[in-house]
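User: I would like to learn how to read strands and sheets in a protein model. Could you take me through one?

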Amino acid sequence: MYNWIDALADLQSKGEPCVLVTIIEELGSTPRNAGSKMVISATQAFDTIGGGHLEYKAMQIGREMLASGKQNTHLERFSLGASLGQCCGGVTVLLFEPMGQVQAQIAVFGAGHVGRALVPLLASLPCRVRWIDSREAEFPDQIPHGVRKIVAEEPVDEIDDLPAGSYCIVMTHNHQLDLELTAAILKRNDFAYFGLIGSKTKRVKFEHRLRERGFDNAVLQRMRCPMGIGEVKGKLPVEIAVSIAGEIIATYNADFGQHTASAGSSIAKMLPASRRSQATNLKASN
């Protein structure tokens with residue numbers, strides 16, 4: 001059985017999200033002391049914070065956080081009495097910390113020069129990348145860790161398998177294929193981001209042809225073309241790739257840190273009354 005630190009290292013090396021649970025406060029009789037930890041993944045739990053119904057509830061909360069993709073830490077106070085099915089009688093405060101959460105599921109269509117410059121950048125981010133092309137010879141010999149190479153005779157068919165909320169990047173060698181991929185992505189219309197490589201002229205042409213297929217302006221406006229951060233100039237593949245990666249990062253970080261509750265006030269509310277008064281007195285004396 002792994003201890004929590006070995007389990008955490010192993011899960012992070014595999015890129016598997018998990019939740020680290022720590023006892024941060026204890027009052028009275030509790031099964032384990034403050035500082036005890038456990039790690040919860042989608043299918044397993046490692047180490048222990050004392051067992052029993054407390055641990056069951058912790059696993060339930062941790063897996064709900066994983067399923068929802070929650071990024072923020074979470075505090076919860078438990079009275080270890082009859083309502084929790086425990087007889088210790090004390091109080092425990094648990095801190096839940098999401099670890100290794102994937103920020104984005106990304107599908108890159110095209111293994112040309114820009115694709116080969118872009119995918120390694122995306123692979124270094126907290127992302128999962130599907131790299132799709134019909135031409136196996138275009139892929140490099142070494143595929144970056146965390147990237148799934150998909151050689152598909154019909155790349156458009158891969159769109160049905162994308163998770164909702166995916167980031168879609170279209171940069172194939174063929175304008176007609178770009179158009180068909182664009183139409184399929186816009187038809188689903190459940191993406192977090194969709195970028196199409198090309199100029200403003202290409203966008204105008206594509207919009208005209210897509211309107212002929214029945215797409216309205218509201219849907220078409222969700223398409224980024226040209227894509228990437230405009231301030232990043234240059235036409236080298238790596239310069240274009242940096243621009244696109246920057247826009248991806250800006251998109252998935254758009255709401256990062258927007259919660260307003262301070263960690264101090266949240267912890268204070270969870271503390272047992274005796275510790276709460278100590279914390280208040282300490283703050284007043286500083």
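Analyst: What follows covers confidence, then strand pairing, then one sheet. This is a predicted model, in which local features need pLDDT of at least 70 and side-chain atom pairs count only at pLDDT 80 or more, while totals for chains, interfaces and linings use all residues. Residues are numbered from 1 along each chain as its sequence is written, and side-chain values use heavy atoms, without hydrogens and water.

User: What average pLDDT does the protein chain have?

Analyst: pLDDT is the predictor's confidence in each residue, from 0 to 100. The chain averages 84, and 85% of the residues score at least 70. Over residues 255–272 pLDDT stays under 50. Residues 274–286 also stay under 50.

User: In which sense do strands S1 and S5 pair?

Analyst: Strands of a sheet pair through backbone hydrogen bonds, either parallel or antiparallel. Strands here are DSSP runs (E, at least two residues), numbered from the N terminus, and two of them pair if DSSP finds at least two bridges between them. S1 (residues 18–27) and S5 are antiparallel over nine bridges; isoleucine 23 has leucine 94 in S5 as its bridge partner. S4 (residues 74–79) also runs antiparallel to S5, with six bridges.

User: Why is S5 described as largely enclosed?

Analyst: Buried means under 20% relative accessible area (1.4 Å probe, protein chains only). Seven of the nine residues of S5 (residues 91–99) are buried, so the rest of the structure largely encloses this strand.

User: What is the strand order in the open sheet of six strands?

Analyst: The order is S8-S7-S6-S9-S10-S11, with parallel pairing. S8 (147–151) and S11 (223–224) are at the edges with a single partner strand each, so each has one side without a neighbour in the sheet.

Definitions and conventions
Buried < 20%, exposed > 50% of the residue type's maximum accessible area, 1.4 Å probe, protein only. Helix = DSSP H or I, 4+ residues; strand = E, 2+ residues; numbered from the N terminus. Contact = heavy atoms within 4.5 Å.
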